[in-house]
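Reader: Please take one part of this model and go through it closely. I would like the packing described residue by residue, with the surroundings added where they help.

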Amino acid sequence: MIGGVERILLGLVLALSSASPAKAAADLAAAKAEGKVVWYTSTPIEAAQKLVNMFRSKTGVAVELFRSGGSAVMQRFQLEFDAKKIFADVLTTSDPAESTALAAKGVFVAFKPENFDKLPESAKDPNGMFVGQRLNMITIYYRNDKIAEADAPKMMKDLLDPKYKGKLVMADPSFTSLQLAVVGMTAKNLGWDYYEGLRKNDIIIMQGGQQTVDMVKRGERLIAAGASDSYAADAKLEGRPFTTVYPPDGTFLIPSPSAVVANAPHPNAAKVFAEFLISADAQKIFPEVGGYSSRLDIPAPAGSPPLADIKLLPVDYDYIQKNAPAIKKKFNEIFQ
């Protein structure tokens, strides 16, 4: 039989286990006392700045922002972590494979913020080690004032057509983790001959997504290959003549994991900010700038197809994580 003391302890355990981790853990008063949150992120700069401004307006807590390409953000975080110097409170990248590996090492705090249940299973860690801050659709986009729709590529294999020689640009998988996943899975599915073909078609390699879209904006290249739709969406909002293609033979969808860092300098502000990032107000920013929200209850951006209408290709994150050095090495051998 269970005694009185044991019964009380059991009741406490059950009460704690049934409590909402979001309600219990996100403490705005404590966050305000800490004064700020430090956010390392690969979020496109326009969306990132809107999020920073909205969070400060809603909470009064300042955000110190470090924004760069996914691989650069992860590299800086890893260097600091290895040196036992934790500066980031919240880490948002575009690398589910590396985030999964870091979570297994205890680098992140298990935290299921409010609205955790509104994210698809593929966009979050089941234990709350990270959640998808946004969904990255990997597409083709092109200048529709220079290339007619009838002559535009429809599928990734179309980019090997000699008529596109000297018109192509793509990001470097050594800089952006999004592109690492794209290159790794494309090479796995189509073989490295595909990238040999792109090299023969005189594709130019830029550092990241921003540099890639800038090349297309300037007309120095007319087609971005295997590129994040969010950059094209920003360009369209600027009035640029861009068209985005979601290949009917399959499109990669890669979530951008966002995690609360263990032993962070501002632990309460980190949880409040992490919870804010998947709030309805924050998530609506992504469709407003042409990207996809990570929440199932928020519609696709205007002019873009609903997720249900897009054929999505699976991404093997374990494969990407285990083979990342080999993928980068092979890519560099082809293009350098």
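Author: What follows starts from one buried tyrosine, Y195, and then moves to other helices and loops. The model is predicted, and every value below is computed from it.

Y195 lies in helix α8, which spans residues 193-200. Is this residue buried or exposed? Y195 has a relative accessible area of 1%, and because the cut-off for buried is under 20%, Y195 counts as buried. Leaving aside neighbours within four places in sequence, Y195 is in contact with eight residues that can be listed by number: M170, V182, V183, T186, A187, F331, I334 and F335. One position that can serve as a distance reference is G226: 31 residues separate Y195 and G226 in sequence, and their C-alpha atoms are 12 Å apart in space.

The tyrosine also belongs to a wider group. The largest nonpolar core of the model has 36 residues, and Y195 is among those with the most contacts inside this core, together with L159, M170, L198, I223 and I254. Several elements supply at least two residues each to this core: the strands β4 (131-143), β5 (168-171), β7 (223-228) and β9 (251-260), and the helices α7 (177-190), α8 (193-200) and α14 (317-335). A second core, separate from this one, has 24 residues and includes A31, V37, W39 and A48.

The packing of α8 on α14 can be described in more detail. The angle between the two helices is about 30°, and their axes are 10 Å apart. Angles under 35 degrees count as roughly parallel, which means that α8 is roughly parallel to α14. Their crossing is right-handed. On the α8 side the contact is made by Y195, E196, L198 and R199, and on the α14 side by F331, I334 and F335. Sorted by class, this contact has five nonpolar residues, two charged residues and no polar ones. F331, I334 and F335 also appear in the list of residues that Y195 touches.

A second helix pair, α5 and α6, offers a further case. Helix α5 covers residues 70-82 and helix α6 covers residues 96-104; they pack at an angle of about 20°, with their axes 12 Å apart. By the cut-off of 35 degrees, α5 is therefore roughly parallel to α6. The crossing of α5 and α6 is left-handed. From α5, M74, F77 and Q78 take part, and they meet E98, S99 and L102 of α6. By class, the contact between α5 and α6 has three nonpolar, two polar and one charged residues.

How many residues of α6 are buried? Seven of its nine are, so α6 is largely enclosed by the rest of the structure. The buried ones are P96, A97, E98, S99, A101, L102 and A103. These buried residues of α6 pack against α5, β3 (90-92), β9 and α14. After α6 comes G106, with a positive phi near 80°.

Helix α11 (267-277) is a further enclosed element. Nine of its eleven residues are buried, so α11 is largely enclosed by the rest of the structure. The buried residues of α11 are A269, A270, K271, V272, F273, A274, E275, F276 and L277. This list includes K271 and E275.

Another buried lysine is K217, placed in helix α9 (residues 209-218). Its relative accessibility is 17%, and because buried means under 20%, K217 counts as buried. Not counting residues up to four places away in sequence, K217 touches R143, Q210, A235, E238, R240 and F242.

Two loop residues remain, N115 and N263. N115 has a positive phi of about 80° although it is not a glycine. N115 is placed in the loop between α6 and β4, and with a relative accessible area of 16% N115 is buried. N263 likewise is not a glycine and has a positive phi, of about 60°. N263 is found in the loop between β9 and α11, and with a relative accessible area of 71% N263 is exposed.

To return to the starting point, Y195 is buried, lies in α8 and is among the residues with the most contacts inside the largest nonpolar core.

Technical notes:
Residues numbered from 1 in each chain as written. Predicted model: local features only at pLDDT ≥ 70, side-chain atom pairs only at ≥ 80, totals over all residues. Heavy atoms only, no water. Core = buried A, V, L, I, M, F, W, Y, C linked by side-chain atoms within 4.5 Å. Buried < 20%, exposed > 50% of the residue type's maximum accessible area, 1.4 Å probe, protein only. Helix = DSSP H or I, 4+ residues; strand = E, 2+ residues; numbered from the N terminus. Contact = heavy atoms within 4.5 Å. Axes fitted to C-alpha atoms, helices over the stretch in contact; angles between N-to-C directions. Parallel < 35°, antiparallel > 145°, perpendicular 65-115°, else oblique. Left-handed = near helix turned anticlockwise from the far one by under 90°. Nonpolar A, V, L, I, M, F, W, Y, C, P; charged D, E, K, R; others polar.
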